[in-house]
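Open the model in your viewer and keep the selection panel handy. This tour has two stops: a pair of helices, then a pocket.

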Amino acid sequence: DPQEMELAIASKRKLRRFIVIDEVVDKLYGSKVRAYFQENNVQHKILALPTTEETKSMDLVLDILQEVQSFSLDRRTEPIIAIGGGVCLDIAGLAASLYRRRTPYIRVPTTLLSYVDASVGAKNGVNFLQCKNKLGGYTPPVASFLDRSFIQSIPRRHISNGLGEILKMALMKHKGLFDLLKNHGKYLLDTKFQSCNGFAHHGDAALQTTRIAIETMLEELAPNLWEDDLDRLVDFGHVISPELEMRVLPSLMHGEAVNVDMAFMTYVAYARGLLGTEEKEQILQCMRGLELPVWHSGCSWALIQRALRERLKHGGGQTRMPLPTGLGVADIFNDTSEETLKRAYELWVKD
């Protein structure tokens with residue numbers, strides 16, 4: 001807002017910012033962040049924390065809040081800034097939502113997964129009693145700042161991890177996005193989603209892929225920001241994966257667990273006759289091309305049954321199972337029999 005900017009510049013009060021940053025990101029970019037605030041004459045406090053699924057707890061939220069209180073933050077004019085992956089954005093977002101009932105915050109995602117997933121929507125939260133995101137709320141950020149240059153410093157496996165969530169949106173809503181991933185997946189992994197000159201035959205695949213992924217995510221989330229409607233296509237890959245991810249920590253990253261779930265659900269769709277053999281194989285081939293796991297030994301039949309019981313409990317007595325009905329089209333089903341699920345599981349294990 002230009003008017004607010006003028007008032008801020010004219011004000012005699014010094015600008016102040018409280019920043020929560022993942023400790024790995026701090027090692028890579030902390031000096032640049034500090035230089036930015038110093039050059040702009042902003043008084044600041046940078047809190048670097050180990051933000052992983054294992055540390056994603058209320059204890060870390062309380063650590064942040066203690067520091068926020070010491071900084072004497074003004075919640076009306078001084079938004080908290082979160083710089084890191086999805087876990088960092090979730091933890092800092094929850095802390096901001098709790099401080100004086102609601103303090104504005106800004107998300108700056110630094111991984112591909114958080115760029116296309118955690119940056120969008122209103123949710124934040126932490127793990128509790130070995131359950132993923134069991135505590136949390138719906139407090140959207142005042143802004144998300146997206147900069148793909150952060151992604152160039154993350155390991156290849158983390159790029160693949162983010163591609164799992166992008167593939168989710170492709171399979172549910174956008175055949176063109178699926179084709180981009182199928183045709184340019186290796187290139188995106190090799191170039192770490194940077195826009196490179198001299199690769200004309202790829203176009204700007206990185207920009208197209210991230211833009212479509214975010215736009216399709218927004219299309220799904222915006223009309224149902226508070227999840228009043230439990231029938232959500234964005235839940236594809238999130239029926240079995242929360243149970244699996246927490247059970248096998250740290251062997252599977254979030255996007256990898258989501259992809260194992262999507263692979264199983266692809267077999268469920270195939271067993272129901274929603275997908276043909278060629279479509280099923282195209283999906284699995286694309287997953288492998290993105291270097292994502294299509295199977296994990298921890299995903300036992302007992303774990304699937306347990307995850308589906310949880311799904312029924314929190315889905316108002318219905319499974320609300322998103323399934324692909326083709327490439328880039330999907331629907332939500334409540335009538336998949338245990339016999340069909342078992343047949344799909346046995347075929348998946350066999351393959």
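Start with helices H9 and H12, which are oblique to each other because their axes cross at roughly 125 degrees, and angles over 115 but not over 145 fall outside the perpendicular and antiparallel ranges. This is a predicted model.

To find the pair, select residues 241–248 for H9 and residues 301–314 for H12. Their axes come within 8 Å. The crossing is right-handed.

Now show side chains at the contact. On H9, pick Glu243, Leu244 and Arg247. On H12, pick Leu303, Arg306, Ala307 and Glu310. Colour these residues by class: three are nonpolar, four are charged and none is polar.

Next stop: the second largest pocket. How much space lies in it? About 1400 Å³.

Which residues should you select to find its centre? Take Leu15, Arg17, Thr77, Pro79 and Ile106, the closest to the centre among the 35 residues of the lining.

Then bring up the elements around the pocket. Each of these gives two or more residues to the lining:

- helix H1, residues 2–10
- strand E1, residues 16–22
- helix H2, residues 23–39
- strand E3, residues 80–84
- strand E4, residues 105–109

Linger on H1. This helix gives the most to the lining, with six residues.

Finish by colouring the whole lining by class. You will find 21 nonpolar residues, ten charged and four polar.

Definitions and conventions. Residues are numbered from 1 along each chain as its sequence is written. This is a predicted model: local features need pLDDT of at least 70, side-chain atom pairs count only at pLDDT 80 or more; totals for chains, interfaces and linings use all residues. Side-chain values use heavy atoms; hydrogens and water are left out. Axes are lines fitted to C-alpha atoms, for helices over the stretch in contact, and angles run from 0 to 180 degrees between N-to-C directions. Helices (H or I, at least four residues) and strands (E, at least two) are DSSP runs, numbered from the N terminus. Angles under 35 degrees count as roughly parallel, over 145 as roughly antiparallel, 65 to 115 as roughly perpendicular and the rest as oblique. A crossing is left-handed if the near helix is turned anticlockwise from the far one by less than a right angle, and right-handed if clockwise. Contact means heavy atoms within 4.5 Å. Ala, Val, Leu, Ile, Met, Phe, Trp, Tyr, Cys and Pro count as nonpolar, Asp, Glu, Lys and Arg as charged, and the others, Gly among them, as polar. On a 1 Å grid over the protein atoms alone, a cavity is a set of points where a 1.4 Å probe fits but cannot get out, and a pocket is an open set with protein on both sides within 12 Å along at least five of seven lines; lining residues have an atom within 4 Å of a point. Grid points are joined across faces, edges and corners, and a volume is the space filled by probe spheres set on the points.
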